[in-house]
Structures are given as C-alpha cells and as structure tokens.
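Work through these exercises with the model open beside you. Try each task before reading its solution.

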Amino acid sequence: MQFYLNGYRPGDPDIHLTDLPDTMDVLIVGTGPAGMLLAAQLAAFPGVATRIVERREGPLQVGQADGVACRTVETFEAFGLSEKLVREAYWVNETVFWRPSPEDRSVIVRTGRVQDTEDGLSEFPHLIVNQARLLSYLEEYMAKSPSRLAPDYGWEFVTLTVETEGEYPVLATLENVRTRARKTVRAKYAVGCDGARSRVRDAIGAVPRGDFANHAWGVVDMLAVTNFPDIRLKAAIQSAEEGNILLIPREGGYMVRLYVDLGEIDPANREAIRAITQEQVIETARRVLHPYTLEVRDVAWFAVYQVGQRVTDRFDDVPADRTGDRLPRVFIAGDACHTHSAKAGQGMNVSLQDGYNLGWKLAAVLNGHAAPDLLRTYTIERHAVAQVLIDFDKEWSKIMASPPRDPEHPERGGVDPEELQTYFTKSGRYTAGVGTHYPPATYLTAPATHQALASGFPIGMRFHSAPVVRLADAKPMQLGHVHRADGAWRIYAFADAAGTRFRELMLYLGENDGSPVRRFTPEGTDIDGVIDVRGIFQQGHRDLKVETLPPLLLPRKGRFGLIDYEKAFSPDLRGGADIFDCRGLDRVAGAMVVVRPDQFVAHVLPLDGYEALGEFFGRFMMAQPRQPLQIDK
Ligand SMILES: Cc1cc2nc3c(=O)[nH]c(=O)nc-3n(C[C@H](O)[C@H](O)[C@H](O)COP(=O)(O)OP(=O)(O)OC[C@H]3O[C@@H](n4cnc5c(N)ncnc54)[C@H](O)[C@@H]3O)c2cc1C
C-alpha cells in the first residue's frame, strides 16, 4: 500500500478524496448538523444531484455539542433514526440545582430538583449524545439512501459568485486540502453550512450582527471519580465565589461533561484564550464543587468554546432591497446564521432544523413540484426563529451567569435559586425545541380561522403526535410516526361524528380533477408521493371494517399495484388517550390538518373546505399533467 506521494497528511490514509463533478444541483458546504441534515433530506431524491463538501479529511470524531432536544428526536424519527439515538443516549429526566449553603457559603448544597421535560410535551425524551455520533447516523442514512450520497471530505470552500443567468448560475471555487489544487464547480443552488466563521456568508455579503464580546466556557468530557451525589443528573451548580458549572451526564453511564464558565473574553485576544489549559478548567471545577471531590481519570475532549450572541442579517444572497425582483440561489444555515451560548443546548438542534426547513423546499423546487418563490420562505421563517433564539439565550445566559444572591447582602444583586429554577421550568417548552411557531408571515402558514376544529394542532407549530391504532393490523403506534422525511405533505383527516363529510372528502381528494392530490401529483408517482392522505376515525378499530374504507385509504401503489393498508387509524382507546380528546378535535365536525414535509402544521380546515385547500396548495405548487386514478373504486 502506497500513500503520502504528494506529502504527509495526518488522518486515515484509506480515506480517498473523491473528485467533484463540474456541475450539480445543490452544493452544500460543511458537514456539521445543518449540512448533514440538509444532505440527508436531499439524499432521498435521486433526481437531485447533491454534493456536500467538507474541509476536514474525514468525519468529526469527538466533541462539540451534545444536547439533543425532543424535537430533534422527533425529526430523527422521520429519518428512521430515533431508535438508535434513544438507545445510545443519556436521557435527561431531571435537573438539579446546587447553590451556596445559607449556613456556610463556602460549600454548595442541593436547592431544587425538577422534571426536565413537562409530561406530554413529546413522545420522546430529551437526550444527550455526542455530535459526532449523531452526524454519523446521518452519514449512514445518506449512504443507504436512494442517491447513495457521501460527503466529499478534504475540499475547502474558497469563494463563490452568482451569475444572473444560466441553469447553473452559482460558481464556487473549492480547494483540495491535500494538493491545494483549485477547482470551480457550477451549481443551481449552494448552501453554506460552514459554521460560525462562514466563508459562504462572507461571499454573499451577509453580515452577522449582535454582541461581539465573546463569552467563554471550558468544556471537558471526562471519566472521573467523585463523591458529588448528582453526577448522573444534569446539574446547574453555582458557588459563592468560584463561578458556576453546568454538569451534563453523558451517554454510556460513566462519562460526564462539565461546562465551566470562564466569563467574557476579548475575541481579539486569542492568546489569552489559547493559554487556558485543561488543568486550569478542572481546577476551577474542583473549587466550585467544594466540599465534594473530583478525581479526573481520563479526559475524552477538552475545548475552550467562546462565542458571541449574533444573528446574520439575512440567510440568503438576496439583499433586502431586491426581495421583490430576485430569487435566492445561495443560502446559509446553522452557526453561519446564528451563534449563542452552549448553555441552553440549542446550537446543534436549531442548526438541524434550519437544514430540515430548507431541504424539502429545495427538493420541491428542483423536482418541479413547487415554484422557486417557495425558497424565499426559508429566510423569513428561520431568521425569525434565530432572533427568538438569541433573545432567549441572552436572558438565559444572564441568569445562569449571575452569582447567587447572598441573603445577608441583597444589595450585591444576584439571582435567587427559586428564580433560576422557575425560569428553567418556564423555558422547558422552548429548550425542548417544540416552541417554534411560524407566524402567518408566509403563505406556508395559514391564518387560524378554523383552529378551533383542532386546537391541539396549532397552525405554525410542529405536529404534536398522539397514540392511535392502525386499522388494518391493529398496531398501536404514534400517528406522527407515519411521517417520513420524504418531501411529501400530509393531510390528516379526522372524521366527523356522522362520517359523511369524511367520506365525501375522501371521494373528492381521490377522484375529483380539482383535488390538490390529483392536480399536483405527477404522472408515474404514487398517489401519496406528493400529498399523503391519512384518515383517523372516531370509532375503535374493532368497530370498523377494512373492506368499508374509502378507496383513497387503500391506494394501489408501485409497479405491481399493491394495496397500501397503512392509511387508516382509530383512537387508541385501550391506552386511555383518545387522540380526539388529547388534541382538541371537534367530534361533531371533524377536521383536516395539513402538515408540511418538515412536520409543521400549515393549515386546519373543515372537512368540506375543498376550495380553501386547493387555494392553499395552489399558491406554491405546480400543476402536473393529469394523475391517472390509482385507486380501486
Ligand atoms: C470547537 C467547537 C466547540 C463547540 N462546543 C460546543 C459545546 O460544547 N456545546 C454546544 O452546545 N455547542 C458547541 N458548539 C456549537 C455547536 O457544535 C454548533 O452550534 C453546531 O455544530 C452548529 O452546526 P453547523 O452545522 O451550523 O456548524 P458546524 O458544526 O460548526 O459545522 C461546520 C462545518 O463546516 C466545515 N467548514 C467550515 N468552513 C469550511 C470551508 N471553508 N470549506 C469546507 N468546510 C468548511 C467545518 O469543518 C465543519 O465541519 C461548538 C462548536 C465548535 C466549532
């Protein structure tokens, strides 16, 4: 075996740097959470030529973020990856708070213990798993996907320009990190998922705005022996004089991560940051934990993580004064758009959601299902989310970094333990990632005119799953888990008491030429390939017969015209949580809940709201040549 012909490079010599094609549909820069989720989503579409380049010579092995919010696990479920994640991760069930003892402020005492995630918020727990592992799941997924996508490691993005015309208007210059040879590739779209110091962001002239005074934390993943009793619980620990720690137990039962607050650091003085050693950070941790001991046996990862709270002014290449006449061609996602503290565990999670938001939109446009105007909604939706994130993080970091109030010296300020705990509980929905709400600022979020028909599925928020029983095989399951990351929209039709309007809707959707299912599904695509209709009845599954289901709920699919039996559901009456009750569904009138490919509720309509349904999809979807009937009448 011969290697290092063109000079020595560290890393696995078996990793061959692939060459890149001259043209592609989508060029993604960076294999962090934003880039990998986006690539995984696009990998589902073999007709979309995607490449993801990364300047590292191989996958991330260790370190960086580790907090996996409930919403991220829900997202991973759509990729069929939640079970792996749930099995391997540490589950954050409870959080404890430690403060200086009122009797002796030189020692810390436990002052509170709360449930981490409120009951019923999600069917999944809040998890901790290393970013590198999470990314490796996505990489495996991509490798097995219809387009067999694999990252192109060892390619550094240098710059790009966008031409005003042509099929592939984005010209990106990339450099092979081994040979330093440069190559220019052309793409229809490019996405900069290249982190906080994004060069793609610079290339499109977008500017991060906000707080440039960087806050620093020493982060240590360690195997240690301690008599601190809550070492296997997430703990916010504040000492009187020595600073504070966020303790995060890690996957595997032994490892633990300590975030040690190092305060504000001048970002210009990089020497001061580099000079901070692992030993110093561990020593600070020991002092904070006093009177408990901490014997570190092994350090798996150490970093000084310093970041300011910033949001980039726009997330695409269209300046504010050109939004009326130009369509975006280049986007940025993840830390390239927003940076903030690690304390609320949001960095990886929000970045993943950026990728999820953009992925289905790019696929819909490139597959000819939606007009390119859809791509404008990415910046509108995700910029608002980023701003909320930064506002939240400012408040959260301030509270977490404040010294505990000394009852003997209230004039010195600080935060009461109860205040911290109350804020933590109040913020639970947000930190779980389920608080995101897209307002009706774009045509993708309809006004809440008919919200009362399904009050537990708020328009603009993620579809909140609930238990059901699948009719054909009596399988108890979560309704939300029928959602795949396949770019399809879903209409969940909840039956009315009489069942008549429900049946009429099924007939309309399946057979009427004006139905969005028929209008927007291209010939040769299965009837559920663009808009997937599911029916949920009010009766128990034994009170219904499969043979009486409307044909649309037994569609014929695939090469052999096989019947799909997985479209009809009943409430899970044995489990006691009737979906009609727990999601506030109108039993008399029923409801139609329209869900986007990224699991967000876009619309709630009456079962006979045909016109409004058609009008909603008609705003962005492209009519296709007539879809032949694929259902049995
Ligand atoms: C060193 C470090 C430590 C961190 N520690 C923590 C932590 O302890 N806790 C926490 O919650 N969050 C932490 N974060 C933040 C968290 O990892 C990010 O919020 C999250 O990873 C953002 O995802 P992303 O995909 O936007 O960017 P990143 O994960 O930063 O990924 C960007 C990718 O782009 C690649 N790249 C950059 N420039 C180029 C280029 N020119 N050409 C090609 N590829 C390029 C990078 O190598 C990287 O793989 C840390 C981040 C870093 C960088």
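**Exercise 1. Find the partner strand of β1 and say how the two run.**

Start with the pair itself. β1 and β11 run parallel and are joined by six bridges. Helices (H or I, at least four residues) and strands (E, at least two) are DSSP runs, numbered from the N terminus. Two strands pair if DSSP finds at least two bridges between them. Now pick one bridge: Ile28 has Val191 in β11 as its partner.

Two notes before going on. This is a predicted model, in which local features need pLDDT of at least 70, side-chain atom pairs count only at pLDDT 80 or more, and totals for chains, interfaces and linings use all residues. Residues are numbered from 1 along each chain as its sequence is written.

**Exercise 2. Trace the other pairings of β11.**

Step one: take β10 (residues 170–176). β10 pairs with β11 in the antiparallel sense, over six bridges. Ala172 has Val185 in β11 as its bridge partner.

Step two: take β19 (residues 330–332). Three bridges join β19 to β11, and these strands run parallel. Here Ala190 is opposite Val330.

Step three: look at the turn of the hairpin. Five residues lie between β10 and β11, and Arg180 has a positive phi near 65 degrees there.

**Exercise 3. Decide whether α1 is buried or exposed, and list what it packs against.**

First apply the rule. A residue is buried if 20 or more other C-beta atoms lie within 10 Å of its own, exposed if 12 or fewer, and partly exposed in between; C-beta atoms are placed from the backbone.

Next, count. Eleven of the eleven residues of α1 are buried. Among them are Pro33, Met36, Leu38 and Gln41.

Then find the neighbours. The buried residues of α1 pack against β1 (23–29), β2, α4 (131–144), β11 (182–192) and α8. Contact here requires C-beta atoms, placed from the backbone, within 7 Å.

**Exercise 4. Describe the shell around the ligand.**

Begin with the nearest residues. The shell has 31 residues, and Gly30, Gly32, Gly195, Gly334 and Gly347 come nearest. A residue is near a molecule or strand if its C-beta atom, placed from the backbone, lies within 6 Å of it.

Then see which elements contribute. At least two shell residues come from each of α1 (33–43), β2 (50–54), β9 (155–162), β17 (294–307) and α8 (347–366).

Last, sort by type. Twelve shell residues are nonpolar, twelve are polar and seven are charged. Ala, Val, Leu, Ile, Met, Phe, Trp, Tyr, Cys and Pro count as nonpolar, Asp, Glu, Lys and Arg as charged, and the others, Gly among them, as polar.

**Exercise 5. Give the strand order of two open sheets and name their edges.**

Take the sheet of seven strands. Its order is β22-β21-β27-β24-β23-β28-β29, with mixed pairing. β22 (475–478) and β29 (601–605) are the edge strands, each pairing on one side only. From one strand to the next, the twist averages 30 degrees. Axes are lines fitted to C-alpha atoms, for helices over the stretch in contact, and angles run from 0 to 180 degrees between N-to-C directions.

Zoom in on one pair. β23 (residues 489–494) and β24 (residues 531–536) run parallel and share six bridges. Phe494 has Ile536 in β24 as its bridge partner.

Now take the sheet of three strands. The order is β12-β18-β20, and the pairing is antiparallel. β12 (208–210) and β20 (338–339) each have a single partner strand, so one side of each lacks a neighbour in the sheet. β18 (residues 310–312) pairs with β20 over two bridges. In that pair, Arg310 is opposite Thr339.

**Exercise 6. Locate three unusual backbone angles.**

Recall the background. Most residues other than glycine have a negative phi, and most peptide bonds are trans.

Arg148 is not a glycine, yet its phi is positive, about 45 degrees. Arg148 lies in the loop between α4 and β8 (152–153). It counts as exposed, because it has 10 C-beta neighbours inside 10 Å.

Arg180 sits in the loop between β10 and β11. Arg180 is exposed too, with 10 other C-beta atoms within 10 Å.

Finish with a peptide bond. The bond from His290 to Pro291 is cis, with omega near 20 degrees. Pro291 is in the loop between α7 (278–289) and β17.

Conventions. Contact = placed C-beta atoms within 7 Å.
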